[in-house]
Number of protein chains: 4
Amino acid sequence: MDPRTKRKQREYEARRQEILSAAECLFSKNGFFKTSMAEIAQGAQFAMGTVYRFFKSKEEIYISIVEAKVEELAELLDEEIALVKTPSDKIQAFIRVKLDYADRHRDFFRIYVSEWSGYEWTIKSAFGERVWKLYMAQVDLVADLIKEGIRRKEFRKIDPKDAALALHGMLNSTMYVWILQAKPSESLIDKRNLISTLFLNGIQKESKPSYIRRVV
Amino acid sequence: MDPRTKRKQREYEARRQEILSAAECLFSKNGFFKTSMAEIAQGAQFAMGTVYRFFKSKEEIYISIVEAKVEELAELLDEEIALVKTPSDKIQAFIRVKLDYADRHRDFFRIYVSEWSGYEWTIKSAFGERVWKLYMAQVDLVADLIKEGIRRKEFRKIDPKDAALALHGMLNSTMYVWILQAKPSESLIDKRNLISTLFLNGIQKESKPSYIRRVV
Amino acid sequence: MDPRTKRKQREYEARRQEILSAAECLFSKNGFFKTSMAEIAQGAQFAMGTVYRFFKSKEEIYISIVEAKVEELAELLDEEIALVKTPSDKIQAFIRVKLDYADRHRDFFRIYVSEWSGYEWTIKSAFGERVWKLYMAQVDLVADLIKEGIRRKEFRKIDPKDAALALHGMLNSTMYVWILQAKPSESLIDKRNLISTLFLNGIQKESKPSYIRRVV
Amino acid sequence: MDPRTKRKQREYEARRQEILSAAECLFSKNGFFKTSMAEIAQGAQFAMGTVYRFFKSKEEIYISIVEAKVEELAELLDEEIALVKTPSDKIQAFIRVKLDYADRHRDFFRIYVSEWSGYEWTIKSAFGERVWKLYMAQVDLVADLIKEGIRRKEFRKIDPKDAALALHGMLNSTMYVWILQAKPSESLIDKRNLISTLFLNGIQKESKPSYIRRVV
DNA sequence: TATGAATGAGAGTTCATTCAT
DNA sequence: TATGAATGAACTCTCATTCAT
């Protein structure tokens with residue numbers, strides 16, 4: 001490819017990222033509705049018209065932020081889950097990676113949790129649908145792990161989707177309250193053992209000795 | 001009391017309710033920001049000025065809806081929990097009552113879940129604080145039940161608040177997805193056994209035979 | 001006349017006065033536009049509908065206040081001016097009575113000055129015209145005194161109307177600044193000698209020894 | 001400076017002036033409260049949002065009009081007063097310049113007089129304070145001239161501030177009535193001699209032959 | 001291509017006035 | 001006659017989006 005074109009593409013991407021960064025910070029602080037395009041443009045050091053060259057609406061910026069991060073998270077989850085064998089271990093990895101990611105992207109997770117259960121009703125668009133699908137893909141990922149666990153007789157016969165949803169909720173509410181605390185007394189990652197234990201004990205066969213590997 | 005005054009009070013309350021009803025429906029459908037006072041007034045069949053005789057701002061309407069319902073739910077929870085003895089049974093009652101209430105107040109729970117995890121950042125006011133406290137009171141209620149269970153050696157030694165939060169999340173995400181389905185294939189109350197089993201197995205002592213009473 | 005009818009009339013007048021009193025106080029404090037009918041009604045201890053039985057609009061209340069007081073002042077001026085003989089003395093009496101009246105009706109004079117030169121452009125009605133005529137009648141009263149003084153060769157040949165207007169302005173600005181002071185260091189009546197001296201010296205024949213009687 | 005930037009500044013200033021002009025006309029005709037932002041925008045041939053790019057509130061427009069003109073007048077007064085020597089001449093210059101300015105800025109003086117004595121009670125803000133100070137600076141300017149006249153034994157021993165206030169009032173009421181006349185039979189400047197004579201005779205030492213220079 | 005001034009519909013809120021009780 | 005709840009037009013101000021430069 002023409003190196004000139006390449007450089008242009010790189011620059012384009014860089015500008016796009018700057019806008020997303022500025023917007024992420026503002027959305028996280030003030031919410032979607034109380035953040036204005038003027039603020040986003042100023043935060044990204046661009047004129048408003050320029051912002052509109054990259055995103056056709058405020059809504060699209062919002063969706064793009066969520067999409068990018070959720071995709072990144074999805075990849076991370078896939079990678080880490082692939083490293084271990086048993087469904088139990090995979091679920092533990094899932095929990096660990098997700099909490100860790102939230103720990104490191106606090107700003108974004110403010111938006112994430114909010115989107116997951118708050119804005120969905122106010123942002124109805126093709127994009128909203130796409131984000132929703134990404135979310136549900138995460139739930140389905142866990143559901144599949146549970147299904148495999150049931151097949152292996154490690155887990156009890158429960159509805160995999162419902163159980164996956166429950167795990168999602170446990171993680172979300174935990175993250176939510178952690179985010180609200182101005183100075184979290186403890187790292188979010190410390191909640192990992194509680195959630196792992198709680199969830200795995202909850203779905204494992206009663207007979208099976210509940211052994212949760214403690215990760216240091 | 002003067003019967004005339006009484007009737008007036010009744011009428012006042014009736015009108016107030018009509019406004020709250022209309023607003024609840026609209027907030028539930030479109031969210032707080034995309035619902036206008038003009039829509040609320042029209043929905044309640046009143047002039048805008050009339051709405052302002054009952055509520056001094058849009059925010060107050062919102063808060064009133066949440067507060068009233070959350071308080072009602074809190075009372076229901078208290079009552080039902082008092083009817084059974086053991087922490088396990090009380091937690092099961094908690095889950096049942098909450099899912100049942102959501103089943104019967106679908107519109108409101110759209111707002112409830114939204115508020116619980118999305119709204120806090122955009123509306124911070126004395127009212128917002130009050131609602132937040134009501135939410136946390138529910139979490140604390142469960143935390144106390146868990147504490148008691150731990151004291152009785154029925155539950156494992158876990159952080160009661162964190163566990164309570166996890167249960168809250170499980171319920172919320174379950175309700176959330178159920179609400180999003182236009183025509184729920186099954187009643188929300190059917191999820192009760194899954195969540196009860198999952199959560200109680202999760203927190204109970206491993207030695208103890210996990211016995212979840214099936215409620216018919 | 002039927003004594004019953006009489007009592008009714010007395011009561012009617014009493015109610016009317018209560019409304020005017022409350023309104024005067026409020027207009028004086030907050031101005032015409034920032035005073036609401038609800039406040040006036042509440043201040044007079046009546047329902048809003050009742051206020052409208054006595055005055056057909058907020059504007060009419062405003063005008064009525066001004067009219068009543070200006071008429072009272074006009075009568076006082078006539079009486080006091082009649083007690084002395086020379087144009088000089090009459091003018092001094094005019095100044096004294098007006099300042100004294102302002103001293104005693106501070107609230108009203110806030111409105112008076114305001115009306116005299118502020119609100120006229122915002123309140124255009126038949127009533128506004130009437131108040132304007134009352135004001136100008138006061139100017140004409142002084143103009144006539146000056147005319148008489150000129151005829152008697154006590155005053156110089158100047159335009160009586162213009163001179164009268166000038167006196168009006170001197171009084172107004174003096175009263176205005178006095179009213180604005182939260183705690184006037186001195187009584188408004190103390191300004192009398194300055195204004196009398198200034199104005200009479202200004203219009204008297206140069207040859208004539210300027211003798212201003214000092215009133216104790 | 002970059003010529004492009006310069007042109008932009010010029011255009012910005014031009015637009016700002018257009019808004020101020022339209023507002024001045026409307027405020028003068030209908031008063032502050034009965035003039036709506038929609039009318040101002042329409043009068044200036046702009047969209048409402050555009051008006052708000054230049055002024056952050058209706059109040060700020062109002063204040064800006066008054067401030068700009070009062071400052072211009074203040075400069076004119078300073079200049080003209082500096083051209084003559086004696087306090088008497090300076091006071092005459094003051095009167096002449098002010099009447100002349102009113103003659104040429106009729107619309108504004110409607111607002112000026114109104115503000116001077118009617119507005120203070122309804123708009124109390126940092127801006128209002130500023131305008132009030134500008135007004136009082138004019139009074140103080142005259143007060144200083146009178147003080148100097150007293151020191152030179154040209155004027156009688158009177159309170160300089162009170163006398164200055166009286167002059168202000170004479171000018172205001174004269175201007176006010178002139179403004180109210182739809183088609184003034186005579187130019188406002190013709191009142192100059194009356195006011196000068198009246199005021200200077202009023203404050204000059206009796207012994208001193210009253211010599212008022214007639215300006216052609 | 002980048003700009004940011006201009007747009008104008010629409011927001012929440014107020015309040016003089018009316019009228020059923 | 002007295003009430004005060006109801007009205008709804010009008011208010012000030014915001015901001016996502018467009019487009020001439």
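Student: Which element gives the largest share of the surface near DNA strand F?

Tutor: This is a predicted model, where local features need pLDDT of at least 70, side-chain atom pairs count only at pLDDT 80 or more, and totals for chains, interfaces and linings use all residues. Residues are numbered from 1 along each chain as its sequence is written, chains are lettered from A and ligands numbered from 1 in the order written, and side-chain values use heavy atoms, leaving out hydrogens and water. "Near" requires a heavy atom of the residue within 4 Å of the strand, and helices are DSSP runs (H or I, at least four residues) numbered from the N terminus. With 5 residues, the largest share comes from α3(B).

Student: How many residues surround DNA strand F, and which are the closest?

Tutor: Sugar or phosphate holds 60% of the strand F atoms within 4 Å of the protein, and bases hold the rest. The count around strand F is 30 residues, and the closest are A:M48, B:T50, C:T50, C:R53 and D:M48.

Student: Which residue places a backbone N or O atom 3.2 Å from a base nitrogen of DNA strand F?

Tutor: A polar contact is a pair of N or O atoms within 3.5 Å. Phosphate oxygens of strand F have such partners: a polar side-chain atom of A:Y52 at 3.0 Å, and one of D:K58 at 2.6 Å. The base nitrogen is paired with the backbone of B:G49.

Student: Which element gives the most to the surface near DNA strand E?

Tutor: Helix α3 (48-54) supplies at least two residues there from each of chains A, B, C and D. The top contribution is 5 residues, from α3(D).

Student: What is 2.9 Å from a polar backbone atom of B:M37?

Tutor: Strand E also has side-chain partners. A polar side-chain atom of A:R53 lies 2.7 Å from a phosphate oxygen, and one of D:R15 lies 2.8 Å from a phosphate oxygen. For the backbone of B:M37, the partner is a phosphate oxygen of DNA strand E.

Student: How many residues of the surface near DNA strand E are charged?

Tutor: Asp, Glu, Lys and Arg count as charged; Ala, Val, Leu, Ile, Met, Phe, Trp, Tyr, Cys and Pro as nonpolar; the others, Gly among them, as polar. The surface has 13 nonpolar and 11 polar residues. The charged ones number 6.

Student: Which residues of chain A does the UniProt annotation "DNA-binding region" cover?

Tutor: The entry is unreviewed, and annotations may be inferred rather than shown by experiment. The annotated span is 70% helix and 0% strand, with its end C-alpha atoms 14 Å apart. In chain A, the annotation covers residues 36-55.

How values were computed:
A polar contact is a pair of N or O atoms within 3.5 Å; within protein, one must be able to donate a hydrogen and the other to accept it, and residues adjacent in sequence count only if both atoms are side-chain atoms.
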